[in-house]
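Trainee: I have a model open and would like to work through it. Can we start with the charged side chains?

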Amino acid sequence: MHSNHLLLEEPIRMATILEPSKPNFFPAMTKIVGTLGPRSRSVEVISDCLKTGMSVARFDFSWGDADSHQETLENLKTAIKSTTKLCAVMLDTVGAEMQVVNKRETSITLKAEDKVTLTPDQGQEATSAVLPINFAGLAKAVKKGDTIFVGQYLFTGSETTSVWLEVGGVDEVKGNDVVCVTKNSATLAGSLFTLHASQIRIDLPTLSEKDKEVISTWGVKNKIDFLSLSYTRHAEDVREARDFLSKHGDLSQTQIFAKIENVEGLTHFDEILQEADGIILSRGNLGIDLPPEKVFLFQKSAVYKCNMAGKPAVVTRVVDSMTDNLRPTRAEATDVANAVLDGCDAILLGAETLRGLYPVETISTVGKICAEAEKVFNQDQYFKRTVKFVGEPMTHLESIASSAVRAALKVKASVIICFTSSGRAARLIAKYRPTMPVLSVVIPRLKTNQLKWSFSGAFEARQSLVVRGLFPLLADPRHPAESTNATNESVLKVALDHGKASGVIKSHDRVVVCQKVGDASVVKIIELEE
């Protein structure tokens, strides 16, 4: 995976493009978040998703009930055991999402220049003339000329399956109803239509009462690793969510990923990044809140800020067409590669795996594109830029992490092994984007709440599964994370055996090891024998 890395600034020989890609134990350094749903909930399909590269399973509570999601999760657990592939669990909240209520789930055809009324009266039936919605304050929030988008799950941008509406004049706002003019002809099909008012503040809570109920029941029961906080608009949204999680037992360890979906979240991005554990660039809604020519600028700027902060950046909506097709468009394939070259940690697949016809093929295709892009990722430039941004004097951990990566690059190590209890040291190493995998050996710690004893470590291991280049394994708690003797090799045995068994480490390879020895942190280089 790390060999023959090219720089994009160097000329790439055309002949190398035609060379077949070499298979790796790790499909790609970039992680893939797959949304599990109707087309991807059987043990067989989930197992194939794990084998082809999915490392985080997302459960989207915008649709389906807790029972159906629980059944899917139990299938995931079975698939994890049979494939021996670790997978984290992400709960995605509904948040401040406006929806069209289509109780009969019938298709609705809208014609250009016709009028349609948006009403909070959910007792009415959804038709081409009336669309009941779940928000009573829309009439007060919009004005003449405002744009509203409606589409299945999310506005797709396709003019045949999504519509955009223009709010009429003052006389067209009748009580809580809003009369709009349909600007294109389209047919809305399915059970869930999302409604998005462009660049308009919607007075709905970021963490709804339904979200709180789901988190405190389903989330607590399943000890979720990540909370995807939809429609994050301010840092205070993240703080409130963290406060809520802290009141629910083990969820105090759950990481919060802020989804940036509108201009308000973009405006407060820096403060949100400071509070959140990671960022999801939700380009579906954001792509219609921003002018099309501005979307790439936000992506590049946001990913850069996440990289420098050492926090995971997740990019969404990259291969929409694979929901119905076996191959992505040329533009989509390029989009995936550019997200990797920008520095993103993970690609999030939504409809493509939730209800798409080819969930496994989609994960496989995206993984292959990521792997190819990683080969030409300009690591040298990235490393220098990151070191410069961090500045001097570096913190102790930052210095050790950057030194470990520099040493691994210089000696062309096949892997970096990091022993950690919290996972922080391994994430810092991954922040410098080494070209080789980072094996994070998480050493469980025994802890107590004065009522019972338990081991920590499982959360820390799974939460590494969204970080680019970081591959965790949970060690036997009898192996100490710290060693009192720098020559004590027994602490390496778990990681080296795992690396050899998986084919990542071979005879005569060099391995860089980062571990604590007493009160000091040590970076050492090992050359393996036969």
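Mentor: Yes, and keep in mind that this model is predicted. Begin with two charged residues: arginine 58 is buried, and aspartate 60 is buried too.

Trainee: What do the side chains of arginine 58 and aspartate 60 meet in, and at what N to O distance?

Mentor: Both residues are buried. The cut-off for a salt bridge is a Lys or Arg nitrogen within 4 Å of a carboxyl oxygen of Asp or Glu. Arginine 58 and aspartate 60 meet in a salt bridge, with N to O at 3.6 Å.

Trainee: Which residues are linked with Arg58 and Asp60 in a network of salt bridges?

Mentor: Start from a second pair: the side chains of aspartate 92 and lysine 259 form a salt bridge, 3.3 Å from N to O. Aspartate 92 sits in strand β3 (residues 88–92) and lysine 259 in strand β15, so this pair ties together parts 167 residues apart in sequence. The network that holds Arg58 and Asp60 also takes in Asp92, Lys259 and Glu261.

Trainee: Is lysine 259 buried or exposed, and what is its relative accessible area?

Mentor: Buried means under 20% relative accessible area. Its partner aspartate 92 has 1% relative accessibility, so aspartate 92 counts as buried. Lysine 259 is buried as well, with a relative accessible area of 8%.

Trainee: How does arginine 242 count by relative accessibility: buried, partly exposed or exposed?

Mentor: Arginine 242 shares a salt bridge with aspartate 277, at 3.1 Å from N to O. The pair links distant parts of the chain, 35 residues apart: arginine 242 is in helix α6 (residues 235–246), and aspartate 277 is in the loop between α8 (269–275) and β16. Aspartate 277 has 23% relative accessibility and counts as partly exposed. At 28%, arginine 242 also counts as partly exposed.

Trainee: How many salt bridges does a search of the whole structure find?

Mentor: We have covered some of them, including Arg242 with Asp277. The search of the whole structure finds 27.

Trainee: In what order do the strands close into a barrel?

Mentor: The barrel has 8 strands, and their pairing is parallel. From one strand to the next, the twist averages 25 degrees. The order is β1-β2-β3-β14-β15-β16-β17-β18.

Trainee: In β16, which residue is the bridge partner of phenylalanine 257?

Mentor: Strand β15 spans residues 255–260, and strand β16 spans residues 278–281. These two strands pair in the parallel sense over 4 bridges. The partner of phenylalanine 257 in β16 is glycine 278.

Trainee: Which helix gives the most to the largest nonpolar core?

Mentor: That core has 63 residues, and those with the most contacts inside it are Met54, Phe59, Leu76, Trp218, Phe269 and Ile279. One helix gives 7 residues, the most to this core. That helix is α13 (residues 359–375).

Trainee: Which elements do the buried residues of α13 pack against?

Mentor: α13 has 17 residues and reaches 25 Å from its first C-alpha to its last, close to the 24 Å expected. Its buried residues include Val360, Ile363, Val366, Gly367, Cys370 and Glu374. They pack against β1 (31–35), α2 (43–52), β2 (54–60), α11 (330–342), β18 (346–349) and α12 (351–354).

Trainee: Leaving aside neighbours within four places in sequence, which residues is leucine 76 in contact with?

Mentor: Leu76 is among the residues with the most contacts inside the largest nonpolar core. With sequence neighbours within four places left aside, leucine 76 is in contact with Ile46, Leu50, Ala57, Phe59, Cys87 and Val89.

Trainee: Where is the cis peptide bond that joins glutamate 392 and a proline, and which proline is it?

Mentor: The omega of this bond is about -5 degrees. Its proline is found in the loop between α14 (379–390) and α15 (396–410). The residue is proline 393.

Trainee: What is the phi of glutamate 113?

Mentor: Glutamate 113 is found in the loop between β5 (108–110) and β6 (115–119). At 54% relative accessibility, glutamate 113 counts as exposed. Its phi is positive though the residue is not glycine, near 75 degrees.

How values were computed: Residues numbered from 1 in each chain as written. Predicted model: local features only at pLDDT ≥ 70, side-chain atom pairs only at ≥ 80, totals over all residues. Heavy atoms only, no water. Core = buried A, V, L, I, M, F, W, Y, C linked by side-chain atoms within 4.5 Å. Buried < 20%, exposed > 50% of the residue type's maximum accessible area, 1.4 Å probe, protein only. Contact = heavy atoms within 4.5 Å. Pairing = 2+ DSSP bridges. Axes fitted to C-alpha atoms, helices over the stretch in contact; angles between N-to-C directions. Expected span 1.5 Å × (residues − 1).
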